[in-house]
Amino acid sequence: MGLVSTSYELIGRILYTDIYNEQGTLLLSAGKMLTAKDIDSLLINNIFEIAVKGATREIKPIENIAPELLHQIDEAWNYDPEMAVIYKETLSGIKDLLDRTKEGEQVNIQEMVTQFSPLIKHALEHRYVFHPLHTLKGKDEYTYRHSINVGLLSALIARLLGLPDEVCVEVGEAGLFHDIGKLEIPDGILNKPSRLEEEERKIMRKHTQYGYTLLRKFPNLPKSFADVALLHHECLNGTGYPFGLRHENIPLSVQIVSVADKFDALASDRVYREKVSPFEAATALWNAQFAGLMNPAIVTPFVTYIIESYIGSKVRLSNGQKGVIVRYNHQEPLRPLIRTDEGLFTKLEVERDIQIVEVL
């Protein structure tokens, strides 16, 4: 593979070899798609020739996603433009496939997996790439974003539990399809901006069985895909649906996706309500494990991860003060140490009446 001059014309090309600076520190790894920031780094380090793979990665304009949402995605991952590009392309591709399905085409499960694959691979390689997911505002494309987000978060949780890479990917892909049965739910119910009536709730609950039936038509898919679609609303204490299963009767993959589903549903804007902060969503999970609804072995490491990922972030407290999270509390992850804008420290483990209500 020949060398080419380092220039901004290489944005979108794939790096062929690892790049080190003069001190022997790895700057960029082979296989990375080059961004403008990467080119800056190479030139600053006096690296004027590099080896890239032959084909340029074509970045097509995205026309089926609102420009404001595309802008938000770019802003959310401004430190990782590659993640922004892949997330936008995945969102556009999944939306296109599902919209065509609604218009009568046969659902293309394998193509959806193919669309999702680069995103889940990139996300699993970058541990803290997840928390910008819930800085996105507005209800645009919620259904598609929710499916993608649940897939990503499910893979993350599996990784936090120490599961093998291939299991993390499978759980993430199962998470992507957890709500696939909603394709059979009338839009009037799916997008209703107010509380559902009892009969409407009964219809909505059928999405689990619709999803199971659809996914079982594809014998080459892992069984976990159909299990997750059918059982992701089950609860450990038997109060869930459709069967009221308990504890060990609910597969681990289902329990993982259920946690990811609840968190993303709370931390994202929806048709009938605005999102809550990631800390309020994490609190809901924390309370759910003590109520016997969710598995503490899954919830605790995930909640701890959430808090760790927001260390250094600015937040607003329930008493109106603003500050920065400086340290999390191992005993009570949701009650970290805050340094306020006034330079004082607020120990939430002591100040029990104060909560984090917003990430700024």
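Helices and strands are named here as DSSP runs, a helix being a run of H or I with at least four residues and a strand a run of E with at least two, numbered from the N terminus. The model shown in every view is predicted.

**Figure 1. The whole protein combines 13 helices with nine strands.** The C-alpha trace spans about 65 × 60 × 35 Å along its principal axes. The radius of gyration is 22 Å, which agrees with the value near 21 Å expected for a compact globule because the protein has 360 residues. Of these 360 residues, 48% count as buried. Among contacts with a separation of 6 or more, 61% join residues that are 24 or more positions apart. The accessible surface comes to about 17600 Å², and carbon and sulfur atoms make up 50% of this area. The protein carries 39 positive and 49 negative charges, and the mean positions of the two groups are 5 Å apart.

**Figure 2. The largest nonpolar core contains 85 residues.** Tyr87, Leu152, Leu215 and Phe302 have the most contacts inside this core. Helix 5, formed by residues 142-160, contributes nine residues to the core, the most of any element. A second core, separate from the largest one, consists of ten residues and includes Leu10, Ile19, Leu34 and Val52.

**Figure 3. Tyr87 and Ile73 are in contact with each other.** When neighbours within four places in sequence are left aside, the contacts of Tyr87 include Trp77, Leu119, Leu133 and Leu136. Arg145, Ile148, Asn149 and Leu152 also touch Tyr87. Ile73 belongs to helix 2, which covers residues 67-76. Its relative accessible area is 0%, so Ile73 is buried. The C-alpha atoms of Ile73 and Tyr87 are 7.9 Å apart, while the two residues are separated by 14 residues in sequence. With the neighbours within four places again set aside, Ile73 is in contact with Ala84, Tyr87, Lys88, Leu91 and Leu136. Leu136 is therefore listed among the contacts of both Tyr87 and Ile73, where a contact means heavy atoms within 4.5 Å.

**Figure 4. Thr101 is a buried residue of helix 3.** Helix 3 consists of residues 81-102. The relative accessible area of Thr101 is 16%, and because the limit for a buried residue is under 20%, Thr101 is counted as buried. Beyond residues up to four places away in sequence, Thr101 touches Gln106, Val107 and Leu183.

**Figure 5. Tyr305, in helix 13, meets a distant part of the chain at Tyr128.** Helix 13 runs over residues 296-309. Tyr305 has a relative accessible area of 3% and is therefore buried. Although Tyr305 and Tyr128 are 177 residues apart along the chain, their C-alpha atoms are separated by 9.0 Å. Apart from neighbours within four places in sequence, Tyr305 is in contact with Arg127, Tyr128, Phe130, His131, Leu156 and Leu160.

**Figure 6. Leu317 is buried and lies in strand 5.** Strand 5 is formed by residues 314-317. The relative accessible area of Leu317 is 0%. Leaving out neighbours within four places in sequence, Leu317 is in contact with Ile338, Ile354, Gln355, Ile356 and Val357. By contrast with these contacts, Val299 is 18 residues away in sequence from Leu317 and 23 Å away in space, taken from C-alpha to C-alpha.

**Figure 7. The loop between helix 10 and helix 11 holds Pro242 and His247.** Helix 10 covers residues 223-231, and helix 11 covers residues 252-267. The peptide bond from Tyr241 to Pro242 is cis, with an omega near 15°. His247 has a phi near 40°, a positive value in a residue other than glycine. At 40% relative accessibility, His247 counts as partly exposed.

**Figure 8. Asn46 has a positive phi and is placed in a loop.** This loop connects helix 1 (36-44) and strand 4 (49-51). The phi angle of Asn46 is near 60°, and the residue is not glycine. Its relative accessibility is 49%, so Asn46 counts as partly exposed. Because a residue must be over 50% to be called exposed, Asn46 at 49% remains in the partly exposed class.

Key: Residues are numbered from 1 along each chain as its sequence is written. This is a predicted model: local features need pLDDT of at least 70, side-chain atom pairs count only at pLDDT 80 or more; totals for chains, interfaces and linings use all residues. Side-chain values use heavy atoms; hydrogens and water are left out. The radius of gyration is taken over C-alpha atoms; the globule rule is 2.2 Å times the number of residues to the power 0.38. Buried means under 20% relative accessible area, exposed over 50%, partly exposed in between (1.4 Å probe, protein chains only). Accessible areas come from the Shrake-Rupley method with a 1.4 Å probe; for residues, only the protein chains shown count as cover. Lys and Arg count as positive and Asp and Glu as negative; His and the chain ends are not counted. The place of a charge is taken as NZ of Lys, CZ of Arg, CG of Asp or CD of Glu. A nonpolar core is a set of buried Ala, Val, Leu, Ile, Met, Phe, Trp, Tyr and Cys residues joined through side-chain atoms within 4.5 Å.
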